[in-house]
Amino acid sequence: MTDNQLPPGLVLWPDDGNTHQRIAVLISDIHCTDCSVGNQTADEADWKSFFSELGEMLDDSITDTSEVLLILNGDVVDLLRSGRWAAANVYPWQRDDPGFKTTVLSIMHAIVERHAREPAKESGERHPHDPAESHDSTGFFFYLKKMVECLKDKKLRVTLIPILGNHDKELQVVPEAREIYYRQCLGLSAGDFTAGYRHWVAGQMGSNPADPWPLLPFYFADPSLRLFATHGQWRDSTNSRATKRWKSRHGWQPHLWQQEQYRAFSDPCFGDTVASGLLSSFIWNTMRAIDQDVIPLASARHKDDGIEHIQHVLGEMDLYRPSASGVARLLEEARKLDRHDVNTPLLFQTVIEQYRKSLQSWLAHPETFRTAPLMIGIFVLPVISIFSRLHWTLLDTALMRLMALVSGMKGKTPYSKLPAFRADYRTLGLRLHAEGHTHSAMDIDLRFSPPQIAPNYTYINLGAWRDRIVRKFKNNGYRRRSIGRALIVQGCLNSDSAESSYGFRLRDITSWGDRLDKW
């Protein structure tokens, strides 16, 4: 099928003609941050185990005519959730500010330090109160590159495909940051990109194939794997930006996005203001205020006292989804502090004061209202703005719960409107739609007619790799667990044996342990 016969805007993964077997491995939402307001991704032991086992599995499955595709399906690095924005007093939507580029590069260098360095032989514990004080590497990029090198040493073809998410979109507008990502995180030089890869990205994104460091592609489509993969932010009005020609309710429109060079997903959006303008600023400022204003005046300190408890909660606030629920959790815990503890009044006052300062600062940013979806902009934000002035902690908590509730109310996209399941895409042989973004792992088997081209279709959400805070049975407290998911798809490009060799499988990982229960 020629490009002119494809659905408008669709660009398929190129076939070099020398590949007889293709294997794709997909993971999503790793969220490697600079750790200044918390670490979201899994720990070093998890990544070492995962990439070691994955490498062994691939080694057993591939031949000298195999092609391995490692698809990082968005939000692998996270430039929004950082205290460096608050420290510099410049935010992701202030792109004309001279400090914007400096801050992005500072965050990227810290991400390299925290996630691409070789982990220490004797791994120390993460700092219990301020993750930025821990110098251990999670090893995610280190073990990824190590696995890739081992496969390439066996003369196997391995391609890394970093799909664009919504927490890494600053890479699209700061080429120097993109270079750091490719070079130091993924271990790629400009010469490693084949002409086919460059033209695939340029054809999809409307960019220049001669750019030394290609833009991150928005999707991956390959009929030989029957696979369509994209991050999923295109159907989320809080994490995409409406343009003159497109709004999230218009659905999948790659031909329009291509003409606008996908600005709907690289321009600032409402989700940016919540992640960096409210949550990250609140965590950063409260951590500093406790260190500077509370601890020096504290007396009768003891293990697991109120100060330590609040510091622990601050250290894990960034794990909550939606973000506002993390703020609500901290306000909830502040209200529960022991009133008999002599340090409680100052600690409580400090937390609430920093919350209100962060909230008012967030509401004062014109971008907060300018980018807000209609319901949030005309109802939720004015309600929060008015009632937060009453300075009632219980009401503050309820307002953040309201914000979390509304932020979590995503528009429902019928499965038939997802790219892989549209009638014009199904005729290409696509059967499997994979995405991330929501952090909610799912797998659903589907059937579509008419036209009935094939009986079986599958939707898979890749979830996220991170520590997750969950409520215990009957809401009796909280506990931390580590979760992750990988999708492995194998197909044969030889039509005679394609049906018998095709298959895909999910690998779900959940782990508990003393390491996760340490606070």
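The buried residues of helix H10 pack against three helices and two strands: helix H9 (270-294), helix H11 (323-335), helix H12 (344-364), strand S9 (466-471) and strand S10 (478-492). The model is a predicted one. H10 itself covers residues 306-316 and is mostly covered, with 10 of its 11 residues buried. The buried residues are Gly306, Ile307, Glu308, Ile310, Gln311, His312, Val313, Leu314, Gly315 and Glu316. The elements around H10 can be taken in turn.

Two of these neighbours, H9 and H11, also pack on each other, at an angle of about 20° and with their axes 10 Å apart. An angle under 35 degrees counts as roughly parallel, and H9 and H11 are therefore roughly parallel to each other. The crossing in which H9 passes H11 is left-handed. On the H9 side the residues that meet H11 are Val274, Leu279 and Phe282, and on the H11 side they are Ser323, Val327 and Leu330. Sorted by class, this contact of H9 with H11 has 5 nonpolar residues, 1 polar residue and no charged residues.

H12, another neighbour of H10, packs with helix H15 (residues 393-407) at an angle of about 45°, and the two axes lie 12 Å apart. That angle makes H12 oblique to H15. H12 passes H15 in a left-handed crossing. From H12, the residues in the contact are Phe348, Ile352, Tyr355, Arg356, Leu359 and Trp362, while H15 supplies Thr393, Asp396, Met400 and Met403. By class, the contact of H12 with H15 has 7 nonpolar, 1 polar and 2 charged residues.

The two strands beside H10 are S9 and S10. S9 and S10 run antiparallel and are joined by 6 bridges. One bridge can be followed by residue: Arg468 has Arg481, in S10, as its bridge partner. The strands form a hairpin with 6 residues between them, and in this hairpin Lys474 takes a positive phi near 60°.

A separate topic is the sheet made by strands S4 to S8. Its 5 strands form an open sheet with mixed pairing, in the order S4-S5-S6-S8-S7. Strand S4 (219-222) and strand S7 (442-446) stand at the edges; each has a single partner strand, so one side of each is left without a neighbour in the sheet. From one strand to the next, the twist averages 10°. Within the order, strand S6 (residues 432-435) and strand S8 (residues 457-461) pair in the parallel sense over 4 bridges. Ala434 has Ile460, in S8, as its bridge partner.

The last stop is a single residue, Trp200, which sits in helix H7 (residues 195-205). Is Trp200 buried or exposed? A residue is buried if its relative accessible area is under 20%; the value for Trp200 is 2%, so Trp200 is buried. Leaving aside residues up to four places away in sequence, Trp200 touches Val11, Leu12, Trp13, Pro14, Ile161, Pro217, Tyr219 and Phe220. Two of these, Tyr219 and Phe220, carry numbers that fall in the edge strand S4 (219-222). Trp200 and Asp508 are 308 residues apart in sequence, and their C-alpha atoms are 31 Å apart in space.

Methods:
Residues numbered from 1 in each chain as written. Predicted model: local features only at pLDDT ≥ 70, side-chain atom pairs only at ≥ 80, totals over all residues. Heavy atoms only, no water. Pairing = 2+ DSSP bridges. Axes fitted to C-alpha atoms, helices over the stretch in contact; angles between N-to-C directions. Buried < 20%, exposed > 50% of the residue type's maximum accessible area, 1.4 Å probe, protein only. Contact = heavy atoms within 4.5 Å. Parallel < 35°, antiparallel > 145°, perpendicular 65-115°, else oblique. Left-handed = near helix turned anticlockwise from the far one by under 90°. Nonpolar A, V, L, I, M, F, W, Y, C, P; charged D, E, K, R; others polar.
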